[in-house]
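Biologist: I'd like to learn how to read a structure like this one. Could you walk me through it?

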Amino acid sequence: MTAGDAAPLPSERPIQIPYAFAKRFGVIVLEDEGAEIGVGLREGDDPRALTEVRRILGRPIVVRFVPRRDFERLLQERYATDGLSAEQVSDRLGEVGDLGALAEDIPAAEDLLDTQDDAPVIRLINGVIAEAVRQGASDIHVEPYESSLIVRLRVDGVLREALRLPAKVAPLVVSRIKVMARLDIAERRLPQDGRIGLSLGGRALDVRVSTLPSRHGERVVLRILDKEQAELGLEDLGMPADLLRIVSDALKEPHGIILVTGPTGSGKTTTLYSGLRLLNDGTRNILTVEDPIEYAIDGVGQTQVNTKVGMTFAGGLRAILRQDPDVVMVGEIRDTETADIAVQASLTGHLVLSTVHTNDAVGAITRLKDLGVETFLLASSLRLVVAQRLVRRLCSVCSQPVQASAADAAPLGLDAGVVIRHAVGCPSCANTGFRGRIGVYEAVRIDEDIRQLILSGADEAVIARQAFGRAPNLAAAVRRLVVDGKTTVEEAVRIMRRDSAVDADL
(Lines give C-alpha, C1' and ligand atoms only; values in the text may rest on other atoms or scores of the structure.)
Protein backbone atom coordinates (compact mmCIF):
# COMPACT_ATOMS: atom_id res chain seq x y z
CA MET A 1 0.00 0.00 0.00
CA THR A 2 1.10 3.54 -0.64
CA ALA A 3 -0.12 6.63 1.13
CA GLY A 4 -0.84 9.86 -0.66
CA ASP A 5 -3.44 12.36 -1.74
CA ALA A 6 -6.50 11.18 -3.61
CA ALA A 7 -6.02 11.41 -7.34
CA PRO A 8 -8.43 13.61 -9.26
CA LEU A 9 -11.24 11.86 -11.01
CA PRO A 10 -10.70 11.42 -14.74
CA SER A 11 -13.18 12.79 -17.25
CA GLU A 12 -14.16 9.28 -18.37
CA ARG A 13 -15.71 7.33 -15.52
CA PRO A 14 -13.63 4.29 -14.54
CA ILE A 15 -14.92 0.91 -13.48
CA GLN A 16 -16.56 1.12 -10.08
CA ILE A 17 -17.76 -0.85 -7.10
CA PRO A 18 -21.34 -0.80 -5.74
CA TYR A 19 -22.23 2.48 -4.07
CA ALA A 20 -23.59 0.88 -0.89
CA PHE A 21 -20.40 -1.19 -0.46
CA ALA A 22 -18.21 1.87 -1.10
CA LYS A 23 -20.09 3.96 1.46
CA ARG A 24 -20.14 1.28 4.16
CA PHE A 25 -16.53 0.14 3.93
CA GLY A 26 -14.91 3.43 2.91
CA VAL A 27 -13.45 2.40 -0.44
CA ILE A 28 -13.72 4.10 -3.81
CA VAL A 29 -12.24 3.65 -7.26
CA LEU A 30 -10.06 6.66 -8.09
CA GLU A 31 -8.64 5.85 -11.51
CA ASP A 32 -8.19 3.04 -14.00
CA GLU A 33 -4.47 2.77 -14.70
CA GLY A 34 -4.74 -0.07 -17.19
CA ALA A 35 -2.97 -3.00 -15.59
CA GLU A 36 -3.90 -1.76 -12.13
CA ILE A 37 -6.78 0.17 -10.59
CA GLY A 38 -6.27 3.01 -8.13
CA VAL A 39 -8.47 2.57 -5.06
CA GLY A 40 -8.97 5.05 -2.21
CA LEU A 41 -9.38 3.79 1.36
CA ARG A 42 -10.98 6.15 3.87
CA GLU A 43 -8.59 6.86 6.73
CA GLY A 44 -9.44 4.82 9.80
CA ASP A 45 -11.45 2.14 7.95
CA ASP A 46 -10.65 -1.57 8.01
CA PRO A 47 -8.31 -2.49 5.11
CA ARG A 48 -9.67 -6.05 5.07
CA ALA A 49 -12.46 -4.81 2.78
CA LEU A 50 -9.81 -4.38 0.08
CA THR A 51 -9.72 -8.13 -0.45
CA GLU A 52 -13.36 -8.05 -1.52
CA VAL A 53 -12.68 -4.96 -3.66
CA ARG A 54 -9.92 -6.79 -5.51
CA ARG A 55 -12.25 -9.75 -6.08
CA ILE A 56 -15.02 -7.47 -7.44
CA LEU A 57 -12.68 -5.58 -9.76
CA GLY A 58 -10.75 -8.67 -10.87
CA ARG A 59 -7.46 -6.80 -11.27
CA PRO A 60 -4.54 -5.71 -9.08
CA ILE A 61 -5.18 -2.54 -7.06
CA VAL A 62 -3.02 0.32 -5.84
CA VAL A 63 -4.36 1.76 -2.59
CA ARG A 64 -4.20 5.40 -1.52
CA PHE A 65 -5.40 6.65 1.84
CA VAL A 66 -8.09 9.33 1.58
CA PRO A 67 -8.77 11.79 4.44
CA ARG A 68 -12.26 11.33 5.84
CA ARG A 69 -13.21 14.93 4.99
CA ASP A 70 -12.36 14.29 1.34
CA PHE A 71 -13.91 10.85 1.05
CA GLU A 72 -17.55 12.00 1.23
CA ARG A 73 -16.89 14.62 -1.46
CA LEU A 74 -15.28 12.06 -3.74
CA LEU A 75 -18.12 9.63 -3.11
CA GLN A 76 -20.71 12.19 -4.12
CA GLU A 77 -18.78 13.31 -7.21
CA ARG A 78 -18.14 9.73 -8.28
CA TYR A 79 -21.70 8.48 -7.95
CA ALA A 80 -23.83 11.63 -8.44
CA THR A 81 -24.55 11.02 -12.13
CA ASP A 82 -24.27 7.25 -11.99
CA GLY A 83 -26.97 4.99 -13.34
CA LEU A 84 -29.55 4.94 -16.07
CA SER A 85 -30.89 8.09 -17.63
CA ALA A 86 -34.52 9.00 -17.21
CA GLU A 87 -34.92 8.68 -20.98
CA GLN A 88 -33.98 5.00 -20.86
CA VAL A 89 -36.52 4.35 -18.15
CA SER A 90 -39.33 6.36 -19.73
CA ASP A 91 -39.03 4.51 -23.04
CA ARG A 92 -40.58 1.45 -21.45
CA LEU A 93 -42.61 3.06 -18.68
CA GLY A 94 -46.37 3.00 -19.04
CA GLU A 95 -48.89 3.37 -16.26
CA VAL A 96 -48.08 3.93 -12.62
CA GLY A 97 -48.38 0.22 -12.01
CA ASP A 98 -45.12 -0.31 -13.88
CA LEU A 99 -43.34 1.38 -10.99
CA GLY A 100 -44.27 -1.65 -8.95
CA ALA A 101 -42.24 -3.82 -11.30
CA LEU A 102 -39.25 -1.52 -10.82
CA ALA A 103 -39.73 -1.69 -7.05
CA GLU A 104 -39.66 -5.49 -7.12
CA ASP A 105 -36.12 -5.34 -8.49
CA ILE A 106 -34.82 -3.68 -5.35
CA PRO A 107 -33.03 -6.23 -3.13
CA ALA A 108 -33.34 -6.32 0.62
CA ALA A 109 -31.14 -3.80 2.42
CA GLU A 110 -28.70 -6.44 3.60
CA ASP A 111 -28.40 -7.93 0.11
CA LEU A 112 -27.60 -4.67 -1.63
CA LEU A 113 -24.03 -4.71 -0.36
CA ASP A 114 -23.43 -7.94 -2.22
CA THR A 115 -24.82 -6.84 -5.59
CA GLN A 116 -22.56 -5.80 -8.43
CA ASP A 117 -24.36 -2.51 -8.99
CA ASP A 118 -27.09 -0.28 -7.62
CA ALA A 119 -29.14 -0.21 -10.82
CA PRO A 120 -32.43 -1.36 -9.20
CA VAL A 121 -32.59 1.66 -6.88
CA ILE A 122 -31.48 4.02 -9.65
CA ARG A 123 -34.04 2.56 -12.05
CA LEU A 124 -36.77 3.07 -9.48
CA ILE A 125 -35.86 6.71 -8.81
CA ASN A 126 -35.54 7.54 -12.49
CA GLY A 127 -38.77 5.67 -13.16
CA VAL A 128 -40.64 7.68 -10.53
CA ILE A 129 -39.32 10.95 -11.99
CA ALA A 130 -40.22 9.85 -15.52
CA GLU A 131 -43.72 8.85 -14.44
CA ALA A 132 -44.15 12.17 -12.59
CA VAL A 133 -43.21 14.07 -15.74
CA ARG A 134 -45.54 11.94 -17.85
CA GLN A 135 -48.45 12.75 -15.53
CA GLY A 136 -47.52 16.43 -15.34
CA ALA A 137 -46.74 16.28 -11.61
CA SER A 138 -45.16 19.30 -9.95
CA ASP A 139 -43.80 17.48 -6.89
CA ILE A 140 -42.75 14.02 -5.78
CA HIS A 141 -43.09 13.19 -2.08
CA VAL A 142 -40.99 10.36 -0.65
CA GLU A 143 -42.39 9.67 2.82
CA PRO A 144 -40.98 7.02 5.20
CA TYR A 145 -43.32 5.57 7.83
CA GLU A 146 -42.97 2.76 10.34
CA SER A 147 -44.43 0.09 8.06
CA SER A 148 -43.81 1.44 4.54
CA LEU A 149 -42.23 3.99 2.25
CA ILE A 150 -44.91 5.90 0.34
CA VAL A 151 -44.28 7.82 -2.88
CA ARG A 152 -46.92 10.39 -3.80
CA LEU A 153 -47.20 12.69 -6.80
CA ARG A 154 -48.81 16.13 -6.79
CA VAL A 155 -50.75 16.35 -10.04
CA ASP A 156 -52.82 19.46 -10.76
CA GLY A 157 -52.32 20.56 -7.18
CA VAL A 158 -53.63 17.33 -5.60
CA LEU A 159 -51.50 14.60 -4.04
CA ARG A 160 -52.11 11.00 -5.07
CA GLU A 161 -50.30 7.85 -4.03
CA ALA A 162 -48.16 6.33 -6.79
CA LEU A 163 -46.17 3.64 -5.00
CA ARG A 164 -45.90 1.86 -1.66
CA LEU A 165 -42.63 0.13 -0.77
CA PRO A 166 -41.34 -1.84 2.23
CA ALA A 167 -39.98 0.42 4.96
CA LYS A 168 -36.55 -1.24 4.83
CA VAL A 169 -35.77 0.25 1.40
CA ALA A 170 -36.31 3.84 2.59
CA PRO A 171 -32.64 4.43 3.55
CA LEU A 172 -31.50 3.12 0.17
CA VAL A 173 -33.86 5.32 -1.84
CA VAL A 174 -33.26 8.46 0.24
CA SER A 175 -29.50 7.99 0.28
CA ARG A 176 -29.42 7.52 -3.46
CA ILE A 177 -31.47 10.68 -4.08
CA LYS A 178 -29.10 12.62 -1.83
CA VAL A 179 -26.12 11.39 -3.83
CA MET A 180 -27.77 12.41 -7.12
CA ALA A 181 -28.47 15.87 -5.66
CA ARG A 182 -24.90 16.15 -4.28
CA LEU A 183 -26.09 16.45 -0.69
CA ASP A 184 -24.22 15.38 2.43
CA ILE A 185 -25.15 11.71 2.75
CA ALA A 186 -23.75 11.50 6.27
CA GLU A 187 -25.95 14.32 7.60
CA ARG A 188 -29.36 13.00 8.66
CA ARG A 189 -30.16 15.43 11.47
CA LEU A 190 -30.55 18.65 9.48
CA PRO A 191 -32.66 19.63 6.45
CA GLN A 192 -30.78 19.93 3.16
CA ASP A 193 -31.50 21.36 -0.27
CA GLY A 194 -30.00 20.39 -3.62
CA ARG A 195 -30.67 19.98 -7.32
CA ILE A 196 -30.64 17.25 -9.97
CA GLY A 197 -30.34 18.10 -13.65
CA LEU A 198 -32.11 15.71 -16.03
CA SER A 199 -32.98 15.45 -19.70
CA LEU A 200 -36.18 13.59 -20.53
CA GLY A 201 -37.19 13.08 -24.14
CA GLY A 202 -35.32 16.18 -25.21
CA ARG A 203 -36.87 18.27 -22.40
CA ALA A 204 -34.50 19.88 -19.90
CA LEU A 205 -35.69 19.35 -16.34
CA ASP A 206 -34.38 20.80 -13.11
CA VAL A 207 -35.36 18.76 -10.06
CA ARG A 208 -35.12 20.65 -6.77
CA VAL A 209 -34.55 18.33 -3.80
CA SER A 210 -35.44 19.05 -0.18
CA THR A 211 -34.84 16.66 2.72
CA LEU A 212 -36.35 16.86 6.20
CA PRO A 213 -35.59 14.60 9.19
CA SER A 214 -38.67 12.83 10.54
CA ARG A 215 -39.47 10.13 13.07
CA HIS A 216 -38.97 7.20 10.70
CA GLY A 217 -36.24 8.61 8.49
CA GLU A 218 -35.74 11.50 6.12
CA ARG A 219 -38.65 12.80 4.06
CA VAL A 220 -37.73 13.97 0.57
CA VAL A 221 -39.68 16.28 -1.72
CA LEU A 222 -38.57 16.67 -5.33
CA ARG A 223 -39.94 19.74 -7.11
CA ILE A 224 -39.92 19.25 -10.89
CA LEU A 225 -39.17 22.45 -12.75
CA ASP A 226 -39.87 22.08 -16.45
CA LYS A 227 -37.77 24.70 -18.22
CA GLU A 228 -40.43 24.94 -20.93
CA GLN A 229 -42.57 26.79 -18.38
CA ALA A 230 -40.05 29.62 -18.47
CA GLU A 231 -40.86 30.08 -22.16
CA LEU A 232 -44.51 31.00 -21.55
CA GLY A 233 -45.56 34.49 -22.55
CA LEU A 234 -48.32 36.50 -20.92
CA GLU A 235 -50.69 35.54 -23.72
CA ASP A 236 -50.13 31.86 -22.87
CA LEU A 237 -51.37 32.17 -19.28
CA GLY A 238 -55.07 32.18 -20.17
CA MET A 239 -55.80 35.68 -18.91
CA PRO A 240 -59.00 37.30 -20.20
CA ALA A 241 -58.33 39.89 -22.90
CA ASP A 242 -59.22 42.86 -20.69
CA LEU A 243 -56.93 41.74 -17.87
CA LEU A 244 -54.12 40.90 -20.29
CA ARG A 245 -54.28 44.44 -21.62
CA ILE A 246 -54.18 45.90 -18.09
CA VAL A 247 -51.10 43.83 -17.17
CA SER A 248 -49.33 44.64 -20.44
CA ASP A 249 -49.99 48.36 -19.98
CA ALA A 250 -48.63 48.27 -16.43
CA LEU A 251 -45.44 46.57 -17.61
CA LYS A 252 -44.89 49.47 -20.02
CA GLU A 253 -44.66 51.90 -17.10
CA PRO A 254 -41.13 53.31 -16.64
CA HIS A 255 -41.24 52.90 -12.87
CA GLY A 256 -43.47 51.71 -10.04
CA ILE A 257 -44.35 48.45 -8.30
CA ILE A 258 -46.28 45.55 -9.84
CA LEU A 259 -47.31 42.85 -7.36
CA VAL A 260 -48.60 39.32 -7.91
CA THR A 261 -50.28 37.70 -4.94
CA GLY A 262 -51.72 34.31 -4.08
CA PRO A 263 -50.98 31.20 -2.02
CA THR A 264 -48.02 28.88 -2.59
CA GLY A 265 -48.37 26.96 -5.83
CA SER A 266 -50.75 29.41 -7.51
CA GLY A 267 -48.39 30.24 -10.38
CA LYS A 268 -47.10 33.63 -9.19
CA THR A 269 -43.51 32.96 -10.32
CA THR A 270 -44.66 31.83 -13.77
CA THR A 271 -46.62 35.06 -14.17
CA LEU A 272 -43.64 37.18 -13.15
CA TYR A 273 -41.33 35.30 -15.52
CA SER A 274 -43.81 35.84 -18.34
CA GLY A 275 -43.72 39.56 -17.60
CA LEU A 276 -39.91 39.52 -17.63
CA ARG A 277 -39.94 37.81 -21.04
CA LEU A 278 -42.09 40.64 -22.39
CA LEU A 279 -39.64 43.22 -21.03
CA ASN A 280 -36.51 41.30 -22.05
CA ASP A 281 -36.00 42.91 -25.44
CA GLY A 282 -32.30 43.72 -25.08
CA THR A 283 -32.82 47.41 -24.33
CA ARG A 284 -33.21 47.03 -20.55
CA ASN A 285 -30.98 45.85 -17.74
CA ILE A 286 -33.16 43.32 -15.89
CA LEU A 287 -31.95 41.93 -12.55
CA THR A 288 -33.64 39.57 -10.10
CA VAL A 289 -33.09 38.31 -6.57
CA GLU A 290 -34.89 35.01 -5.98
CA ASP A 291 -35.19 32.18 -3.47
CA PRO A 292 -34.60 29.90 -5.25
CA ILE A 293 -33.90 30.67 -8.91
CA GLU A 294 -36.46 28.39 -10.52
CA TYR A 295 -35.73 29.00 -14.20
CA ALA A 296 -32.75 30.49 -15.99
CA ILE A 297 -33.64 33.27 -18.44
CA ASP A 298 -31.12 34.37 -21.04
CA GLY A 299 -30.54 38.11 -20.90
CA VAL A 300 -31.66 38.44 -17.26
CA GLY A 301 -29.21 38.70 -14.36
CA GLN A 302 -30.48 36.37 -11.62
CA THR A 303 -29.19 36.30 -8.04
CA GLN A 304 -29.84 33.56 -5.47
CA VAL A 305 -30.76 34.38 -1.87
CA ASN A 306 -28.34 32.79 0.61
CA THR A 307 -29.25 33.60 4.20
CA LYS A 308 -26.29 31.59 5.54
CA VAL A 309 -23.92 34.28 4.31
CA GLY A 310 -26.30 37.19 4.88
CA MET A 311 -27.60 37.40 1.31
CA THR A 312 -31.24 38.20 2.03
CA PHE A 313 -33.91 39.65 -0.25
CA ALA A 314 -33.22 43.07 1.22
CA GLY A 315 -29.44 42.70 0.89
CA GLY A 316 -29.70 41.40 -2.65
CA LEU A 317 -32.12 44.14 -3.67
CA ARG A 318 -29.87 46.82 -2.19
CA ALA A 319 -26.88 45.38 -4.08
CA ILE A 320 -28.54 45.07 -7.48
CA LEU A 321 -29.77 48.66 -7.30
CA ARG A 322 -26.09 49.60 -7.64
CA GLN A 323 -25.93 47.62 -10.91
CA ASP A 324 -27.83 50.27 -12.93
CA PRO A 325 -31.00 48.19 -13.43
CA ASP A 326 -34.07 49.26 -15.38
CA VAL A 327 -36.27 46.42 -14.13
CA VAL A 328 -35.92 44.62 -10.81
CA MET A 329 -37.71 41.45 -9.74
CA VAL A 330 -37.76 40.50 -6.06
CA GLY A 331 -38.94 36.96 -5.38
CA GLU A 332 -41.01 38.00 -2.38
CA ILE A 333 -41.59 41.04 -0.18
CA ARG A 334 -41.69 39.45 3.24
CA ASP A 335 -40.23 42.01 5.65
CA THR A 336 -40.17 45.74 6.34
CA GLU A 337 -36.65 46.29 5.01
CA THR A 338 -37.39 44.68 1.64
CA ALA A 339 -40.66 46.61 1.34
CA ASP A 340 -38.95 49.92 2.07
CA ILE A 341 -36.15 49.33 -0.45
CA ALA A 342 -38.63 48.19 -3.12
CA VAL A 343 -40.70 51.36 -2.66
CA GLN A 344 -37.64 53.60 -2.76
CA ALA A 345 -36.41 51.80 -5.88
CA SER A 346 -39.73 52.36 -7.63
CA LEU A 347 -39.67 56.05 -6.72
CA THR A 348 -36.18 56.49 -8.15
CA GLY A 349 -36.96 55.32 -11.65
CA HIS A 350 -37.05 51.51 -11.46
CA LEU A 351 -39.84 49.13 -12.39
CA VAL A 352 -40.13 46.62 -9.52
CA LEU A 353 -41.91 43.26 -9.86
CA SER A 354 -42.54 41.12 -6.81
CA THR A 355 -44.94 38.84 -4.92
CA VAL A 356 -46.63 38.98 -1.54
CA HIS A 357 -48.60 36.33 0.28
CA THR A 358 -52.16 37.59 0.64
CA ASN A 359 -55.54 36.11 -0.22
CA ASP A 360 -56.56 38.76 -2.74
CA ALA A 361 -55.35 41.81 -4.62
CA VAL A 362 -56.71 44.42 -2.21
CA GLY A 363 -55.16 42.54 0.70
CA ALA A 364 -51.71 43.26 -0.76
CA ILE A 365 -52.25 46.96 -0.10
CA THR A 366 -53.02 46.26 3.54
CA ARG A 367 -50.04 43.92 3.76
CA LEU A 368 -47.62 46.62 2.63
CA LYS A 369 -49.13 49.01 5.15
CA ASP A 370 -48.61 46.40 7.87
CA LEU A 371 -44.96 46.19 6.81
CA GLY A 372 -44.61 49.88 7.59
CA VAL A 373 -44.89 51.47 4.14
CA GLU A 374 -46.34 54.95 4.48
CA THR A 375 -49.65 55.43 2.68
CA PHE A 376 -48.41 58.39 0.61
CA LEU A 377 -45.41 56.33 -0.59
CA LEU A 378 -47.64 53.36 -1.33
CA ALA A 379 -50.09 55.46 -3.32
CA SER A 380 -47.25 57.00 -5.34
CA SER A 381 -45.36 53.78 -6.09
CA LEU A 382 -47.96 51.03 -6.59
CA ARG A 383 -49.11 50.50 -10.18
CA LEU A 384 -50.89 47.13 -10.32
CA VAL A 385 -51.78 44.20 -8.06
CA VAL A 386 -52.77 40.86 -9.61
CA ALA A 387 -54.22 38.05 -7.49
CA GLN A 388 -54.38 34.56 -8.93
CA ARG A 389 -55.32 30.95 -8.27
CA LEU A 390 -55.10 27.73 -10.23
CA VAL A 391 -58.17 25.50 -10.59
CA ARG A 392 -58.26 22.07 -12.17
CA ARG A 393 -59.61 21.95 -15.70
CA LEU A 394 -62.35 19.41 -16.48
CA CYS A 395 -61.33 16.59 -18.80
CA SER A 396 -62.73 17.37 -22.23
CA VAL A 397 -63.22 13.66 -22.97
CA CYS A 398 -65.34 12.47 -20.07
CA SER A 399 -66.98 15.46 -18.33
CA GLN A 400 -70.75 15.42 -18.51
CA PRO A 401 -73.34 18.23 -18.51
CA VAL A 402 -75.88 18.20 -15.67
CA GLN A 403 -78.46 20.56 -14.30
CA ALA A 404 -77.21 22.22 -11.12
CA SER A 405 -79.05 21.24 -7.98
CA ALA A 406 -79.88 23.82 -5.35
CA ALA A 407 -76.90 22.60 -3.30
CA ASP A 408 -74.57 23.02 -6.29
CA ALA A 409 -75.92 26.42 -7.26
CA ALA A 410 -76.03 28.06 -3.82
CA PRO A 411 -72.26 28.50 -3.14
CA LEU A 412 -71.80 30.42 -6.38
CA GLY A 413 -75.10 32.31 -6.40
CA LEU A 414 -76.27 30.51 -9.54
CA ASP A 415 -79.86 29.62 -10.40
CA ALA A 416 -80.88 26.05 -9.74
CA GLY A 417 -81.24 24.17 -12.99
CA VAL A 418 -78.47 25.99 -14.86
CA VAL A 419 -76.35 23.60 -16.92
CA ILE A 420 -72.91 22.90 -15.47
CA ARG A 421 -70.48 20.01 -15.95
CA HIS A 422 -69.39 17.27 -13.56
CA ALA A 423 -66.13 15.33 -13.44
CA VAL A 424 -66.42 11.64 -14.36
CA GLY A 425 -63.02 10.07 -15.01
CA CYS A 426 -61.52 8.13 -17.90
CA PRO A 427 -58.13 6.73 -18.99
CA SER A 428 -57.31 10.04 -20.67
CA CYS A 429 -57.32 11.86 -17.30
CA ALA A 430 -56.11 8.92 -15.17
CA ASN A 431 -59.69 8.55 -13.88
CA THR A 432 -59.55 11.85 -12.00
CA GLY A 433 -62.00 13.78 -14.17
CA PHE A 434 -59.50 16.62 -14.56
CA ARG A 435 -56.64 17.33 -16.90
CA GLY A 436 -54.43 20.37 -16.41
CA ARG A 437 -55.19 23.62 -14.61
CA ILE A 438 -56.54 27.05 -15.50
CA GLY A 439 -55.48 30.38 -14.07
CA VAL A 440 -58.09 32.52 -12.32
CA TYR A 441 -57.21 36.19 -11.97
CA GLU A 442 -58.31 39.51 -10.56
CA ALA A 443 -56.46 42.79 -10.96
CA VAL A 444 -56.49 46.14 -9.20
CA ARG A 445 -55.09 48.91 -11.40
CA ILE A 446 -54.03 51.81 -9.18
CA ASP A 447 -55.82 54.70 -10.88
CA GLU A 448 -56.50 58.11 -9.38
CA ASP A 449 -59.64 56.94 -7.54
CA ILE A 450 -57.85 53.99 -5.88
CA ARG A 451 -54.88 56.23 -5.11
CA GLN A 452 -57.12 58.67 -3.23
CA LEU A 453 -58.70 55.82 -1.27
CA ILE A 454 -55.25 54.57 -0.24
CA LEU A 455 -54.23 58.08 0.83
CA SER A 456 -57.40 58.46 2.90
CA GLY A 457 -56.77 55.14 4.69
CA ALA A 458 -59.90 53.44 3.34
CA ASP A 459 -60.44 49.84 4.42
CA GLU A 460 -60.29 46.82 2.10
CA ALA A 461 -64.05 46.60 1.54
CA VAL A 462 -64.24 50.19 0.25
CA ILE A 463 -61.24 49.74 -2.06
CA ALA A 464 -62.64 46.41 -3.31
CA ARG A 465 -66.02 47.98 -4.18
CA GLN A 466 -64.25 50.67 -6.18
CA ALA A 467 -61.82 48.27 -7.89
CA PHE A 468 -64.36 45.61 -8.81
CA GLY A 469 -67.33 47.79 -9.58
CA ARG A 470 -66.94 46.92 -13.26
CA ALA A 471 -64.12 44.37 -13.33
CA PRO A 472 -64.54 40.76 -12.12
CA ASN A 473 -62.97 39.64 -8.87
CA LEU A 474 -61.71 36.11 -8.21
CA ALA A 475 -65.13 34.84 -7.20
CA ALA A 476 -66.78 36.19 -10.35
CA ALA A 477 -63.96 34.90 -12.54
CA VAL A 478 -64.17 31.34 -11.22
CA ARG A 479 -67.97 31.43 -11.38
CA ARG A 480 -67.65 32.21 -15.09
CA LEU A 481 -65.41 29.16 -15.53
CA VAL A 482 -68.09 26.97 -13.92
CA VAL A 483 -70.83 28.37 -16.15
CA ASP A 484 -68.61 27.87 -19.21
CA GLY A 485 -68.11 24.22 -18.26
CA LYS A 486 -64.35 24.49 -17.72
CA THR A 487 -64.29 23.48 -14.05
CA THR A 488 -66.61 22.25 -11.30
CA VAL A 489 -68.46 23.88 -8.46
CA GLU A 490 -66.25 21.99 -5.98
CA GLU A 491 -63.12 23.45 -7.54
CA ALA A 492 -64.64 26.94 -7.50
CA VAL A 493 -65.59 26.69 -3.83
CA ARG A 494 -62.07 25.48 -2.99
CA ILE A 495 -60.44 28.69 -4.17
CA MET A 496 -63.16 31.24 -3.37
CA ARG A 497 -62.47 33.96 -0.88
CA ARG A 498 -64.52 33.58 2.26
CA ASP A 499 -64.67 37.17 3.44
CA SER A 500 -67.98 38.92 3.83
CA ALA A 501 -67.38 41.25 0.89
CA VAL A 502 -67.23 38.31 -1.47
CA ASP A 503 -70.19 36.59 0.11
CA ALA A 504 -72.19 39.76 -0.39
CA ASP A 505 -71.03 39.97 -4.00
CA LEU A 506 -72.21 36.44 -4.64
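**Reading the model, feature by feature**

Modeller: Sure. Of the protein's 506 residues, 50% count as buried. Keep in mind that this is a predicted model.

Biologist: What is the fold built from, in helices and strands?

Modeller: There are 20 helices and 18 strands. Among contacts with a separation of 6 or more, 63% join residues 24 or more positions apart. The accessible surface comes to about 23300 Å², and 48% of that belongs to carbon and sulfur atoms.

Biologist: How many disulfides are there in the whole structure?

Modeller: General idea to begin with: a disulfide is a covalent bond between the sulfur atoms of two cysteines. Here, a search of the whole structure finds zero. Take Cys 395: its closest cysteine sulfur, in Cys 398, is 3.8 Å away, so that pair is too far apart for a bond. The cut-off to remember is 2.5 Å. Cys 426 is in no disulfide either, with the sulfur of Cys 398 as its nearest at 3.7 Å.

Biologist: Is Cys 395 buried or exposed? And what about Cys 426?

Modeller: Cys 395 counts as buried because its relative accessibility is 1%. Cys 426, at 11%, also counts as buried.

Biologist: Now pockets. How do I read one?

Modeller: Rolling a probe the size of a water molecule over the atoms shows where empty space is left. In this model, the second largest pocket holds about 580 Å³ of space. It is lined by 22 residues, and those nearest its centre include Asp 193, Val 209 and Asp 291.

Biologist: Which strand gives the most to that lining?

Modeller: That's E8, with five residues. Strands E7 (192-200), E8 (203-214) and E9 (217-226) each supply at least two. By class, the lining has seven nonpolar, seven polar and eight charged residues.

Biologist: Any backbone features I should look up?

Modeller: Go back to Asp 291, one of the residues nearest that pocket's centre. The peptide bond from Asp 291 to Pro 292 is cis, with omega near -5°. Pro 292 sits in the loop between strands E11 (286-290) and E12 (301-304).

Biologist: Which sign does phi have at Asp 156?

Modeller: Positive, about 55°, although Asp 156 is not a glycine. Asp 156 lies in the loop between E5 (148-155) and E6 (158-166), and with a relative accessible area of 14% it is buried. Arg 182 has a positive phi too, about 60°, and is not a glycine. You'll find Arg 182 in the loop between helix H8 (170-180) and E7. At 47% relative accessibility, Arg 182 counts as partly exposed.

Key. Residues are numbered from 1 along each chain as its sequence is written. This is a predicted model: local features need pLDDT of at least 70, side-chain atom pairs count only at pLDDT 80 or more; totals for chains, interfaces and linings use all residues. Side-chain values use heavy atoms; hydrogens and water are left out. Buried means under 20% relative accessible area, exposed over 50%, partly exposed in between (1.4 Å probe, protein chains only). On a 1 Å grid over the protein atoms alone, a cavity is a set of points where a 1.4 Å probe fits but cannot get out, and a pocket is an open set with protein on both sides within 12 Å along at least five of seven lines; lining residues have an atom within 4 Å of a point. Grid points are joined across faces, edges and corners, and a volume is the space filled by probe spheres set on the points. Helices (H or I, at least four residues) and strands (E, at least two) are DSSP runs, numbered from the N terminus. Ala, Val, Leu, Ile, Met, Phe, Trp, Tyr, Cys and Pro count as nonpolar, Asp, Glu, Lys and Arg as charged, and the others, Gly among them, as polar. Contact means heavy atoms within 4.5 Å. Accessible areas come from the Shrake-Rupley method with a 1.4 Å probe; for residues, only the protein chains shown count as cover.
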